[in-house]
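Thank you for having me this morning. I would like to walk you through one protein structure slowly, so please keep the picture in view while I talk.

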Amino acid sequence: ELVETWIQRIFFRDRSDLESSIGLLRRRLVHILEVEELGSTVVAELEQSRRMTDAGLYLRDQDGSGFDRLAGLGLRVPERIEVATARALLDRLEAGPLALEEVEREVNERKARSERSVGSDDAVLAAAAVLGALGRGVVVALRDEARDIIGLLVLCDDRVRDAFSPEEVALIGSLAAPIGVVIENSRVYGQ
């Protein structure tokens, strides 16, 4: 096991840094009660991994019509995501975290083979356009106890293609539950 750990560190340093940052973030989330602290903590810890150029943490607004940015990393992170324009993307998140670059690749491969594209994939990519600089990143739905989407975590690394492996997408997705708990606890604490 020790040898495997060192191999991972040497050959997969970026992944190791991401795993360490996410592990530390999970431990810190347990102690957070306020939403503002949540935003700054999530962005700061993810930035420490040096695995992304842009990131956004969004919370659903009171009337449910959109998601407002709580915290962001990078200059091109949108302030708001409207539910109406992101509907296809939100529907696709029912299946779990989504790597938008992978969806784009699947659409392009189908076109190259002259196959009929799947309409939902095209709709997801169109909806992802509202994410701006984050439009080729990883999107994670943050849910409450009733399984309603109460927020979004979006990460992107525009320095390289295929920035996040499927294992890393799953690792990033593992943040959804603890962040969702903090959001719900902060709402209860605020009442």
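Let me begin with a hollow in the surface, the second largest pocket, whose lining is made up by class of three nonpolar, two polar and four charged residues. Before going further I should say that this is a predicted model, and please keep that in mind throughout. The volume of this second largest pocket comes to about 190 Å³, and the residues around it are Val35, Leu59, Arg60, Asp61, Gln62, Asp68, Ile183, Ser186 and Arg187. Two elements, β1 and α8 (176–190), each give at least two residues to that lining, and α8 provides the largest share, which is three residues.

Let me follow β1 from there into the sheet. Where does strand β1, residues 54–60, sit with respect to the rest of the structure? Six of its seven residues are buried, meaning that each has under 20% relative accessible area, and so the strand is largely enclosed by the rest of the structure. Strand β1 is joined by six bridges to β2, residues 66–73, and the two run antiparallel; within that pairing, Tyr58 stands opposite Arg69. These two strands form a hairpin with five residues between them, and Gly64, in the turn, has a positive phi of about 75°. Strand β1 is also joined by six bridges to β6, residues 149–156, again running antiparallel, and here Leu57 has Leu153 as its bridge partner.

From β6 we can step across to β5, residues 138–143, where six of the six residues are buried, so this strand too is largely enclosed by the rest of the structure. If you look at its two faces, you will find Val138, Val140 and Leu142 buried on one side, and Val139, Ala141 and Arg143 buried on the other. Strands β5 and β6 pair in the antiparallel sense over six bridges, with Leu142 of β5 partnered by Gly151 of β6. In the hairpin that these two strands make, there are five residues between them, and Arg147 takes a positive phi near 70°. Strand β5 pairs with β4 as well, in the antiparallel sense and over two bridges, and there Leu98 stands opposite Val139.

Strand β4 brings us to the largest pocket, which has a volume of about 380 Å³. It is lined by 24 residues, and those closest to its centre are Ala99, Glu101, Glu102, Asp162 and Phe164. Two or more residues of the lining come from each of β4 (98–99), α5 (100–112) and α7 (166–173), and α5 gives the largest share, with five residues. By class, this lining has twelve nonpolar, two polar and ten charged residues.

Finally, let me turn to helix α3, residues 35–48, which begins with a residue we have already met, Val35, in the lining of the second largest pocket. The helix has 14 residues and reaches 20 Å from its first C-alpha to its last, close to the 20 Å expected at 1.5 Å a residue. Which of the residues in α3 are buried? They are Val35, Leu38, Gly39, Thr41, Val42, Val43, Glu45 and Leu46. When you look at that list, it helps to remember that an α-helix has 3.6 residues a turn, so residues three or four places apart point the same way. After α3 comes Arg50, whose phi is positive, near 60°.

Key
Residues are numbered from 1 along each chain as its sequence is written. This is a predicted model: local features need pLDDT of at least 70, side-chain atom pairs count only at pLDDT 80 or more; totals for chains, interfaces and linings use all residues. Side-chain values use heavy atoms; hydrogens and water are left out. Buried means under 20% relative accessible area, exposed over 50%, partly exposed in between (1.4 Å probe, protein chains only). Helices (H or I, at least four residues) and strands (E, at least two) are DSSP runs, numbered from the N terminus. Two strands pair if DSSP finds at least two bridges between them. On a 1 Å grid over the protein atoms alone, a cavity is a set of points where a 1.4 Å probe fits but cannot get out, and a pocket is an open set with protein on both sides within 12 Å along at least five of seven lines; lining residues have an atom within 4 Å of a point. Grid points are joined across faces, edges and corners, and a volume is the space filled by probe spheres set on the points. Ala, Val, Leu, Ile, Met, Phe, Trp, Tyr, Cys and Pro count as nonpolar, Asp, Glu, Lys and Arg as charged, and the others, Gly among them, as polar. The expected span of a helix is 1.5 Å times one less than its number of residues.
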